[in-house]
Amino acid sequence: MDGGQASISTEILGRYAADAAREIAGVREVPKRRGVKVAGSDGNVRVELHLVVDWGASIPQLGRSVQQRVREYLLRMADVEPASVEVVVDEIGRRV
């Protein structure tokens, strides 16, 4: 075998990031359109997640939890440690 390396597409990394974010309580959804952006250059991967969160969720706490979970998930599933994970709350779900 040669010493080649495998690479994972930004699309797959984006799916992993969205799956990880959905695991956090208070995340209602990751919009399909523009929900996740993954950019990478020189080995640095940057992730931007746009979320819809539940009414009454603590946005700072939720954001930190999403950042941590996405980092852990990408490291475990793809051996990628993102340089940054940005969380953008686009919408707060309506009170039920």
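## Exercises on strand pairing, burial and backbone angles

Val53 stands opposite Ile92 in β4. The exercises below start from this pair and refer to a predicted model.

**Exercise 1. Describe how strand β3 is joined to strand β4.**

Step 1. Locate the strands: β3 covers residues 44-53 and β4 covers residues 84-92.

Step 2. Establish the direction and the number of bridges. The two strands run parallel and are joined by eight bridges.

Step 3. Check individual positions. Besides Val53, which faces Ile92, Leu51 stands opposite Val89 in β4.

Step 4. Add the connection. Helix α2, residues 59-78, forms a β-α-β unit together with β3 and β4, and this unit is right-handed.

**Exercise 2. Identify the sense in which β1 pairs with β3, and the sense in which β2 does.**

Step 1. Take β1, residues 27-29. Its pairing with β3 is antiparallel and rests on two bridges. Glu29 has Val52 of β3 as its bridge partner.

Step 2. Take β2, residues 36-41. Six bridges connect β2 with β3, and the strands run antiparallel. Ala39 is placed opposite Arg46 in β3.

Step 3. Look at the turn. The hairpin of β2 and β3 has two residues between the strands, and Asp42 in this hairpin takes a positive phi near 50 degrees.

Step 4. Put the pairings together: β3 is joined to β1, to β2 and to β4.

**Exercise 3. Decide whether β3 is largely enclosed or open, and give the reason.**

Step 1. Apply the cut-off: a residue is buried when its relative accessible area is under 20%.

Step 2. Count within the strand. Seven of the 10 residues of β3 are buried, so the rest of the structure largely encloses this strand.

Step 3. Set this beside the whole protein, where 34% of the 96 residues count as buried.

**Exercise 4. Find where Gln67 lies and classify its exposure.**

Step 1. Gln67 is part of helix α2.

Step 2. The relative accessibility of Gln67 is 28%. Partly exposed residues fall between the limits of 20% and 50%, so Gln67 counts as partly exposed.

Step 3. List the contacts, leaving aside neighbours within four places in sequence: Gln67 touches Val85 and Val87.

Step 4. Compare with a position in another part of the chain. Val27 is 40 residues away from Gln67 along the chain, and their C-alpha atoms are separated by 12 Å.

**Exercise 5. Examine the positive phi values of Arg34 and Asp79, and classify both residues by exposure.**

Step 1. Recall the background: most residues other than glycine have a negative phi.

Step 2. Arg34 is not a glycine, yet its phi is positive, about 55 degrees. This residue sits in the loop between β1 and β2. Its relative accessibility is 51%, so Arg34 counts as exposed.

Step 3. Asp79, also a residue other than glycine, has a positive phi near 55 degrees. Its place is the loop between α2 and β4. With a relative accessibility of 66%, Asp79 counts as exposed.

**Exercise 6. Summarise the protein as a whole.**

Step 1. Count the elements: two helices and four strands.

Step 2. Write their order along the sequence: α-β-β-β-α-β.

Step 3. Give the extent. The C-alpha trace spans about 55 × 25 × 20 Å along its principal axes.

Step 4. Consider the contacts between residues at least 6 apart in sequence: 63% join residues at least 24 apart.

Step 5. Compare the charges. There are 14 positive and 14 negative side chains, and the centres of the two sets lie 8 Å apart.

Key. Residues are numbered from 1 along each chain as its sequence is written. This is a predicted model: local features need pLDDT of at least 70, side-chain atom pairs count only at pLDDT 80 or more; totals for chains, interfaces and linings use all residues. Side-chain values use heavy atoms; hydrogens and water are left out. Two strands pair if DSSP finds at least two bridges between them. A crossover is right-handed if, with the strands pointing away from the viewer, the path from the first strand over the helix to the second runs clockwise. Buried means under 20% relative accessible area, exposed over 50%, partly exposed in between (1.4 Å probe, protein chains only). Contact means heavy atoms within 4.5 Å. Lys and Arg count as positive and Asp and Glu as negative; His and the chain ends are not counted. The place of a charge is taken as NZ of Lys, CZ of Arg, CG of Asp or CD of Glu.
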